[in-house]
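Welcome! Please have a look at the structure below, and then we can walk through some of its parts together.

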Amino acid sequence: MTPTTKPFDRLLLTGAAGTLGRVLRPRLLGHCERLRLSDRAELGTAAPGEELQPAALEDRAAVLALLEGVDAVVHLGGVSTEAAFDPILQANIVGLFNLYEAARHHGVRRIVFASSNHVVGYYRQNEVIDSHAPPRPDTLYGVSKAFGENLSRMYWDRYGIQTVCLRIGSATSAPLNRRMLASWLSHDDLERLVVAALTAPCAGHTVIFGTSDNATRWWDNRRAMHIGYRPQDSAEPWRAAIEAADPRPDPQDPALTWQGGVFVKLGPYET
Ligand code: 15L
């Protein structure tokens, strides 16, 4: 085998056709020799170094095949917002179990799991919490991400599979509203966070909040300092324009009350 300067031979990115999957797809190629991309949706054509392997997460055999020969996984796949219970059950509960069983079967040692701030969406915006705060999910989606954090904890304790759970805030190209002055995660910082989570020497099982270096903070990441994530962007340059666009916000507005923002008003949907 030829010597490699990249930290991984083969990485798997699930949810590669989704919003953040499309952001990470070209960026992760810089960190591995081969990038296996999966989604249930159309993935386009493979660039050099890419392998396309479509799969539905609830298809156990397909997920087992997906993890064969993989060094580490960036798992963005699944339902990424509030929805009816059944799709959440299939993708985020059954699908995640399939992923961890496949990792155990193939000896994959590291998974970066896209959790969400909606695990703790029912904390108020005047509270500062860390990863030891009990979950207070704002949606069925948030409950499913709390399940993922607990499932991955069990696979670490029982089987030694390391997971970094990223409680991603609002990963957009720019902050769009007052809430995002605290919750924003730039795309460059998203890449820094994922790479730190993939390469931290001793990740064990870690929960880390995914935000940029914003001046307003609800989430304390000191318990995850060993991951070595150093955000370099901030929402602050957008503050003046965002505040000017909405000079007298309603203090009762859920978007400005709860850490999960408007998610507290979403659903529940009929199954
Ligand atoms: C999430 O978990 C969602 O996937 C994303 O679409 C955003 O809504 C984000 O949270 C957020 O809280 O802004």
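## The loop residue Ala-84

Ala-84 sits in the loop that runs between β4 and α3. In this predicted model, Ala-84 counts as buried, because its relative accessibility is 15% and the cut-off for buried is under 20%. If you would like a distance to check, try Ala-84 and Asp-9: they are 75 residues apart along the chain, and their C-alpha atoms are separated by 38 Å.

## The sheet

Next comes the sheet, which is open and has seven strands in the order β3-β2-β1-β4-β5-β6-β9, paired in parallel. Its edge strands are β3 (50-52) and β9 (205-210), each of which pairs on one side only. From one strand to the next, the twist averages 20°.

Let's zoom in on one pair of strands. β4 (residues 72-75) and β5 (residues 110-116) run in the parallel sense and are joined over three bridges. Which residue of β5 is the bridge partner of His-75? That partner is Phe-113.

## Helices on the sheet

Helix α3 packs on the sheet, where it touches β1 (8-14), β4, β5 and β6 (162-168). The direction of α3 makes about 165° with that of β5. Helix α6 (residues 187-199) packs on the sheet as well, touching β1, β4, β5, β6 and β9. For α6, the angle with the direction of β5 is about 140°.

## Where α3 meets α4

How do the axes of α3 and α4 cross? Helix α3 (residues 85-106) and helix α4 (residues 140-159) have axes that come within 10 Å and cross at roughly 15°. The two helices are therefore roughly parallel, since angles under 35 degrees count as such. Their crossing is right-handed.

On the α3 side, the residues in contact are Phe-85, Ile-88, Asn-92, Ile-93, Leu-96, Phe-97, Tyr-100, Glu-101 and Arg-104. They meet a set of α4 residues that includes Leu-140, Tyr-141, Lys-145, Phe-147, Gly-148, Leu-151 and Tyr-155. By type, the residues of this contact divide into 12 nonpolar, four polar and three charged.

## Ser-170 in a strand

Our last stop is Ser-170, which has its place in strand β7 (residues 170-171). Is Ser-170 buried or exposed? Ser-170 is buried, because its relative accessible area is 8%, and buried means under 20%. Leaving aside neighbours within four places in sequence, the contacts of Ser-170 are Arg-179, Met-180, Ser-183, Trp-184 and Leu-185.

Key:
Residues are numbered from 1 along each chain as its sequence is written. This is a predicted model: local features need pLDDT of at least 70, side-chain atom pairs count only at pLDDT 80 or more; totals for chains, interfaces and linings use all residues. Side-chain values use heavy atoms; hydrogens and water are left out. Axes are lines fitted to C-alpha atoms, for helices over the stretch in contact, and angles run from 0 to 180 degrees between N-to-C directions. Helices (H or I, at least four residues) and strands (E, at least two) are DSSP runs, numbered from the N terminus. Angles under 35 degrees count as roughly parallel, over 145 as roughly antiparallel, 65 to 115 as roughly perpendicular and the rest as oblique. A crossing is left-handed if the near helix is turned anticlockwise from the far one by less than a right angle, and right-handed if clockwise. Contact means heavy atoms within 4.5 Å. Ala, Val, Leu, Ile, Met, Phe, Trp, Tyr, Cys and Pro count as nonpolar, Asp, Glu, Lys and Arg as charged, and the others, Gly among them, as polar. Buried means under 20% relative accessible area, exposed over 50%, partly exposed in between (1.4 Å probe, protein chains only). Two strands pair if DSSP finds at least two bridges between them.
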